[in-house]
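Here's a relaxed walk through one protein model, written for someone meeting it fresh. Have a look at it first, and then we'll go through the parts one by one.

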Amino acid sequence: MANVSDKELKTLIKSGKIDSLFLFYGRDTGAVEAFAKSLANKLVPPESADMNLHKFTGKSLDLSVLRDTADAYPFLCDKKVILINDLYLSDLKKNDLTYLKEILKSLDESTTVIIYITGIDIYRSKTALDKEWAAFSKFCEKQGTVCEFKPKSTADLAKVISAQLSKSGLSISMSNASYLAQVSLCSTTVIKNELSKLIFYKQSGEITKDDIDLLCVGQTDTDSFKLANEIIAKRAKSSFEILSNLCSKPDEYISTLSAVNSAFCDLYRAKLARNMGAGENNILEDFSYPPNLQFRVKNAYRICKNYSLDNIRKCILILSQADYELKSKRTNPEVIFQKAIFKMIGLTK
């Protein structure tokens, strides 16, 4: 009966403390899904899963069927597990929500319900749940165990990456492991996929930065920061190469422009902080960067010292004008973006 961290949850499970109700959610949806399925497989052996592992989707949840399933005894097994993915609370009428809570309150010890959220947004801000989910989380906390899977820091994921590669007979430096975490936006799902490719490709030896750049897909946020850095460094060729990689389709220009603008805002905040004698931690606290995006502040703080505040401000204004043109004119979006890059590169330090 608690609200615990993912580390505390693992300790509870290892100790054999299995509640009848679990609620898993968080920004790290890959970890949410992986842990929910791992716990279900731990409680129900594969040979009895057909009869004792029941899966529901929240969008089409039939409460009568859920009631019958919850009331049934396990078949030739000690435990029965009910998995509910993406419970749509907003779609439930008041009476239905009350009925659902009655079902979850009356669970037998032989039944464990795992509600896990991976495909819907239940937050009203970066850290706070919306009103109905905050109330439901409190309910689940009283009945069982609630765990929020928060994004892990780059440093924590670097250790995980190193350990996973070591199990496969490969090695990686901590700096390159951190780099892989960054280009994967600290998403455990993306990192898992990238590690699979790297392991299959390399098979032995050390994973290098060149290997990562060759095989691992660029993420918009990280590549947009690279683009911002190349622009203010006046490297036109590499700027247009990155732009080409980011925008393979016409409808990607607006989202890419937004990400590039965010990168320049990071640089602007970092430059202001440097000018005021403030450090990276001040920026992280004042603007509430989540752990998976804190590397942006660190990079911005390191890079911004070489560029003027005035030029960074002018770049943001140019991007604002480009955004207006992209959304209001029929001009080729590639031309608008390229024109903006030329203007920004043309600024003097």
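Strands 3 and 4 run parallel, joined by 5 bridges. Across that pairing, Leu53 sits opposite Val81 of strand 4. Strands here are DSSP runs of E with at least two residues, helices are DSSP runs of H or I with at least four, and both are numbered from the N terminus. Two strands count as paired if DSSP finds at least two bridges between them.

A word on ground rules. This is a predicted model, in which local features need pLDDT of at least 70 and side-chain atom pairs count only at pLDDT 80 or more, while totals for chains, interfaces and linings use all residues. Residues are numbered from 1 along each chain as its sequence is written, and side-chain values use heavy atoms, with hydrogens and water left out.

**The sheet**

The pair we started with belongs to an open sheet of 6 strands, ordered 1-6-2-5-4-3 and paired in parallel. Its edges are strand 1 (2-4) and strand 3 (53-57), each of which pairs on one side only. On average, neighbouring strands of this sheet are turned by 15 degrees against each other, direction ignored.

Here's how the pairings of strand 2, strand 3, strand 4 and strand 5 look side by side:

| Pair | Bridges | Direction |
|---|---|---|
| Strand 2 (residues 21-25) and strand 5 | 4 bridges | parallel |
| Strand 4 (residues 80-85) and strand 5 | 6 bridges | parallel |
| Strand 3 and strand 4 | 5 bridges | parallel |

Strand 5 makes contact on both sides, so to speak: Tyr116 in strand 5 is the bridge partner of Phe24, and Thr111 in strand 5 has Lys80 standing opposite.

How many of the residues of strand 5 are buried? Strand 5 (residues 111-116) has 6 of its 6 residues buried, buried meaning under 20% relative accessible area, with exposed over 50% and partly exposed in between (1.4 Å probe, protein chains only). Thr111, Val113 and Ile115 point one way, Thr112, Ile114 and Tyr116 point the other way, and all are buried.

Strand 5 also closes a right-handed β-α-β unit made with strand 4 and helix 5 (residues 94-105). Right-handed means that, with the strands pointing away from the viewer, the path from the first strand over the helix to the second runs clockwise.

**Helices that pack**

Two packed helices are described by the angle between their axes and the distance between the axes. Helix 5 packs against helix 6 (residues 131-143) at about 20 degrees, the axes lying 10 Å apart. That angle makes helix 5 roughly parallel to helix 6. Axes are lines fitted to C-alpha atoms, for helices over the stretch in contact, and angles run from 0 to 180 degrees between N-to-C directions. Under 35 degrees counts as roughly parallel, over 145 as roughly antiparallel, 65 to 115 as roughly perpendicular and the rest as oblique.

Now for another pair. The axes of helix 7 (residues 154-167) and helix 8 (residues 174-183) come within 8 Å and cross at roughly 110 degrees. So helix 7 is roughly perpendicular to helix 8.

Is helix 8 mostly covered or mostly exposed? Helix 8 is mostly covered, with 8 of its 10 residues buried. Among them are Asn176, Tyr179, Leu180 and Val183. Just after helix 8, Leu185 takes a positive phi of about 55 degrees.

**The cysteines**

The structure holds 0 disulfides, a disulfide being a pair of cysteine sulfur atoms within 2.5 Å. Why does Cys140 have no such bond? Because its closest cysteine sulfur, in Cys147, is 13 Å away, too far for a bond. Cys140 counts as buried, because its relative accessibility is 0%.

Cys265 is in no disulfide either, and the nearest cysteine sulfur, that of Cys315, is 11 Å away. Cys265 has a relative accessible area of 24%, so it is partly exposed. You'll find Cys265 in helix 13 (residues 253-276). The C-alpha atoms of Cys265 and Ile336 are separated by 20 Å, with their places 71 residues apart along the chain.

**The whole chain**

Stepping back, the protein chain has 17 helices and 8 strands. Of its 349 residues, 47% count as buried. Taken along the principal axes, the C-alpha atoms fill a box of roughly 75 × 50 × 40 Å.
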